[in-house]
Amino acid sequence: MFNRIKSEGIVSDSAANNILSIYRRHADAFASQRSRALFEKSWLDKFIAVMGRQGSIVDIGCGNGQPIAGYFIQQGFQLTGIDGSAAMLARARQSFPAHRWLELAIDETFDGLIAWDSFFHLTQQDQRKMFPIFDRLSHPGSALMFTSGTGDGIAMGQFEGEPLFHASLAPDEYRTLLSVHGFAVIEMVMEDPECAGHTVWLAKKN
């Protein structure tokens, strides 16, 4: 899925820097095209089980809050959503006004941390920098779940006619980063056929 592209330093860097701009400008298109089928449900339920079925969740790259944050809210969790697109957050606030939707970094810990289809929009170096942040936002027993590519590399997709950047580290590097920052891998599935081909990592803070 993630194959290294030519002229990576020019093409991919420009596209990576454009990610937030794309989601800010195309928030309406994203809302209309994002599947509400909740094909992620089996993984969301595993995440909840690791948490112990109660507590607080931070959704990193929450978008408009649908359908993932909405599912957790329906299950009774207190949700904090973080996203770089004000237009996306406005939709989330309108749908779920009792919960927090922020553009800024926060300084507290959560029972669950999720970065679903958002973490992989970061450059490889920025992904590495996220693991100390996961560490800081978690406490013993916290669940962490994110999606990635299947191997080290960069891939370019497209959204609304614009190049959409994705990157991934190698699985062994993800495992090392998780271990170094106090997380044990509970389950990892590459290109899960029961989850629209997503590669999913589920871990728990030691």
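Select helix α4, residues 41-51, in this predicted model. Color Trp43, Leu44, Phe47, Ile48, Val50 and Met51: these residues of α4 are buried. Now look down the axis of α4; the buried residues fall within an arc of 160°, so they line one face of the helix. An α-helix has 3.6 residues a turn, so residues three or four places apart point the same way.

Next, show what covers that face. The cover over the buried residues of α4 includes strands β1 (56-60), β4 (110-115), β5 (138-148), β8 (183-192) and β9 (198-205), along with helix α5 (68-74). Before leaving α4, step to Gly52, just after the helix, where phi is positive, at about 95°.

Move to strand β2, residues 78-82. Is β2 largely enclosed or largely open? Four of its five residues are buried, so β2 is largely enclosed by the rest of the structure.

Add β1 to the selection. β1 and β2 run parallel and are joined by five bridges. To find the register, select Ile57 and look across to Leu79 in β2, which stands opposite. Then add α5: β1, α5 and β2 form a right-handed β-α-β unit.

Continue to strand β3, residues 100-102. β3 pairs with β2 over three bridges, again in the parallel sense. Select Thr80 to see one pairing here; its bridge partner in β3 is Arg100. Finally, show helix α6, residues 86-95. With β2 and β3, α6 makes up a right-handed β-α-β unit.

Terms used
Residues are numbered from 1 along each chain as its sequence is written. This is a predicted model: local features need pLDDT of at least 70, side-chain atom pairs count only at pLDDT 80 or more; totals for chains, interfaces and linings use all residues. Side-chain values use heavy atoms; hydrogens and water are left out. Buried means under 20% relative accessible area, exposed over 50%, partly exposed in between (1.4 Å probe, protein chains only). Helices (H or I, at least four residues) and strands (E, at least two) are DSSP runs, numbered from the N terminus. The arc is that of the directions from the helix axis to the C-beta atoms. Contact means heavy atoms within 4.5 Å. Two strands pair if DSSP finds at least two bridges between them. A crossover is right-handed if, with the strands pointing away from the viewer, the path from the first strand over the helix to the second runs clockwise.
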